[in-house]
Amino acid sequence: MNPHLVLAALLALGTIWTAAWATILVRSKRAIPLDSLERSESRVRVGLLIAFGAVGIALFVLSFRWLPYRDTRVAEFGAPKIDVKVVGVQWGWSLSRDRLPAGVPIEFAVNSVDVNHDFGIYDPEGTLLGQVQVMPGYTNRLIYVFRRPGTYTIRCLEYCGLGHHTMIIPLTVTAATTK
Amino acid sequence: MTTPSRTLAASDGGVLRAAIAYMLAGFGGFLLMGLLGLLMRLDQGGLLAMPPQWFYRIMTLHGSGMVASVLLAALGGLAAAVSETTRLSARTLWIALLIYLLGTGFVDLATLVGGFAGGWTVLHPLPFDARTWTLAAALQMYVGYLLVATGLAVFCTHILVATARTYGGLAKVLAWRLAFTGRQPDGALPRPVELIAAVVAIDGIICALAGAIYLLPLFALAAGLVGNVDALFAKNFVLLFGHTIANLSIYVSAGLVYAALPLYTNREWKTTWPVAFAWNLVIVLMLANYSHHLYADFAQPLALQLLGEIGSYAVGLPSFIVTIIGALTLMYGSRMRWTVTTIFMALGLWGWVFGGLGALLDATIPINQVMHNTMWVPAHFHTYFLLGAAAFCWAYLYHVVATLSRTPDSGISRAAAWLYGIGGAGFVLMFFIAGANSVPRRYAVHPPQWQIYPRIAVPFVLLLTVSLAWLTWDVLRHIRPAWIGTRGGGGGSASAE
């Protein structure tokens with residue numbers, strides 16, 4: 001999912017809403033009997049209920065296809081070929097491997113020895129690709145396939161104290177696959 | 001300006017004075033927390049050098065203080081609106097206010113004196129596992145939250161009992177016969193604002209209980225009575241508490257639109273079947289969607305993750321289809337005049353929907369993977385908070401002050417209200433753009449490539465500051481005649497100019 005597409009969706013929907021809102025505000029100056037609006041209001045409500053209900057159900061069903069959870073990712077990418085153990089600690093990361101191949105399903109098994117952190121993977125251009133919460137007492141597993149080589153960055157995305165913004169580590173992704 | 005006729009005429013003067021105290025305390029807190037927000041954006045833009053320790057302390061105070069302030073203003077407005085038909089106890093309102101403010105005092109103490117910087121979400125075990133603040137400071141924060149929750153519970157219990165007594169029982173004030181059978185009740189139907197008051201009071205009490213369930217084990221942990229509190233349990237309950245208390249702000253303040261907008265459009269907002277059914281749905285839906293904050297916690301049961309997504313979609317339906325469409329229908333063709341109140345209400349409708357769109361996108365699990373914990377989160381939250389809930393609160397504050405002081409608002413005040421919308425929109429838009437560029441939230445230090453967003457946002461915040469400076473002055477100079485106007489049984493019969 002590209003975050004810029006999400007922004008484009010918001011701006012498109014927001015523009016439609018803003019135009020409708022502004023039109024109604026401008027027309028608030030007119031004199032229209034409320035009785036004559038009540039049937040239209042009911043039709044609009046029913047129409048919107050059907051439209052929003054349909055979109056909501058479609059989004060809900062579609063989202064099953066791209067859930068970030070283990071079973072969905074295994075179905076999409078296959079079983080993970082490489083396991084990486086990740087430990088978060090105020091304010092740094094420990095990874096069992098810091099060079100990983102592109103094109104291979106990798107399972108990051110993350111946990112924390114102190115407070116909550118969040119393991120956020122940023123691509124070389126600085127775009128967030130995915131994340132998983134790093135929780136004390138739990139091991140969360142994120143399966144991910146790097147599409148291309150480069151220097152990626154792991155950032156903590158859950159506020160974890162005064163050094164939160166410094167909790168960063170590079171991750172090298174190579175073109176070669178590991179047997 | 002038009003001062004609406006006969007509004008607040010039947011309200012008890014003592015109750016109105018308590019309600020005004022709530023609204024003014026909320027407005028004052030909002031201004032102070034807003035200034036802290038400006039400092040944070042200056043720092044993130046590289047325009048102010050603030051040590052990270054102070055940034056995070058301010059961030060903690062800004063978040064908790066802003067939620068508490070806007071909710072307080074909304075509760076005051078609700079008390080004033082409900083008091084038109086329902087006998088409330090001024091003493092109980094003052095007691096609830098004092099407990100609530102004592103709680104905010106503890107939060108101030110924890111952050112400003114104790115150095116607590118655990119974030120307003122106080123995500124366990126961070127408050128216990130700090131390097132730069134003491135356990136005492138964390139406990140001050142928790143005591144503050146517990147007192148705020150207690151004040152909220154006292155207020156909500158009083159509102160619930162009072163409205164139920166007025167209409168002959170809980171089922172009647174919630175209009176269950178109309179909502180679930182479509183038939184008219186035997187007795188009088190509550191006005192929408194009383195129905196909404198009962199709805200938010202129920203959720204307010206549940207929210208306060210969730211806060212207690214979160215906090216009591218942590219006090220036991222601090223006292224050494226238990227050895228550990230599970231991080232996932234704690235996160236579920238702190239968000240059931242924190243997310244719901246933030247949601248309450250918007251739903252309470254939406255009740256104020258039901259109360260005031262009819263007076264400015266000269267149209268009645270009836271308790272129809274859609275209104276009754278939708279608001280009864282809100283009781284459940286407001287509590288069902290908090291778990292969208294835990295999508296990245298893969299240990300959370302899948303059923304709760306999916307409930308978070310479908311619950312987030314569902315809660316938008318009654319809000320948009322009933323409240324937003326209802327308000328716009330009331331405005332459309334009504335020959336409504338623009339006053340500070342109607343401008344803020346119009347802005348509030350815009351912000352609630354625009355912020356809601358951002359929230360709905362983020363509530364979709366695959367999208368959340370790349371938007372959560374970025375600036376997208378403060379973006380949508382600030383949109384429906386600053387331009388939604390808070391705007392509705394200031395609309396109602398102006399409505400009460402104008403009605404009781406019988407003073408018309410000025411062209412400058414109306415311009416200031418529109419300026420609030422322009423400043424607010426530009427400010428939140430930069431959050432959205434930063435979020436789409438994956439800028440993390442809650443970072444004290446932004447590298448140069450991220451500083452462009454707060455730098456563009458700051459001038460818009462200054463527009464907000466100018467707007468609010470004028471509106472503050474305007475409210476303050478009318479507050480004395482408004483206070484006097486509460487004597488002798490409420491607002492009397494204010495006349496239209």
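Where in chain B does pLDDT stay under 50, and how many contacts beyond four places in sequence does the model have there? Hang on to that one while I say what we're looking at: this is a predicted model, and it scores ipTM 0.95 and pTM 0.95.

Okay, the answer. One such stretch is residues 1-6 of chain B, where pLDDT stays under 50 and the model has 27 contacts beyond four places in sequence. Residues 491-497 of chain B are also below 50, with 26 contacts beyond near neighbours in sequence. Where pLDDT is low, the predicted coordinates should not be read in detail. That said, chain B averages a pLDDT of 94, and 97% of its residues score at least 70.

Let's stay with chain B for its overall build. We have 15 helices here and 0 strands. The radius of gyration comes out at 22 Å, close to the 23 Å that the globule rule gives for 497 residues, so chain B is as compact as a globular protein of that length. If you lay the C-alpha trace along its principal axes, you get about 60 × 45 × 40 Å. Buried residues make up 65% of the 497. And if you take contacts between residues at least 6 apart in sequence, 84% of them join residues at least 24 apart.

Now zoom in on a couple of helices. Helix 7 of chain B has 31 residues, and from first C-alpha to last it reaches 44 Å, close to the 45 Å expected at 1.5 Å a residue. After that helix comes B:Gly224, with a positive phi near 80°.

Helix 9 of chain B, residues 273-288, is the one I'd like you to find on screen. Its 16 residues should span 22 Å at 1.5 Å a residue, and the end C-alpha atoms are 23 Å apart, so that agrees. There's a bend in helix 9, though, of about 35° at B:Val282. B:Val282 is also one of the buried residues in this helix, and others include B:Trp279, B:Asn280, B:Leu285 and B:Met286. So what do the buried residues of helix 9 pack against? They pack against helix 6, helix 7, helix 8 and helix 10 of chain B.

Over to chain A. Here you'll see 3 helices and 9 strands, and from the N terminus on, the three α elements come before the β ones. The radius of gyration is 23 Å, well over the 16 Å from the globule rule for 179 residues, so chain A is more spread out than a compact globule. Its C-alpha trace spans about 75 × 40 × 30 Å along the principal axes. Of the 179 residues, 29% count as buried. For contacts in chain A with a separation of 6 or more, residues 24 or more positions apart account for 65%.

Last stop, the place where the chains meet. The contact takes 65 residues from chain A and 63 residues from chain B. On the chain A side, the elements that give two or more residues are helix 1, helix 2, strand 5, strand 6 and strand 7. Which of the elements gives the largest share? That's helix 1 of chain A, with 14 residues. By class, this side of chain A has 37 nonpolar, 18 polar and 10 charged residues.

That's the tour, thanks.

Definitions and conventions:
Residues numbered from 1 in each chain as written. Chains lettered and ligands numbered in written order. Predicted model: local features only at pLDDT ≥ 70, side-chain atom pairs only at ≥ 80, totals over all residues. Helix = DSSP H or I, 4+ residues; strand = E, 2+ residues; numbered from the N terminus. Expected span 1.5 Å × (residues − 1). Bend = angle between axes of the 7 residues up to and from the residue. Buried ≥ 20, exposed ≤ 12 C-beta atoms within 10 Å, placed from the backbone. Contact = placed C-beta atoms within 7 Å. Rg over C-alpha atoms; globule rule 2.2 N^0.38 Å. Nonpolar A, V, L, I, M, F, W, Y, C, P; charged D, E, K, R; others polar. pLDDT = per-residue confidence, 0-100.
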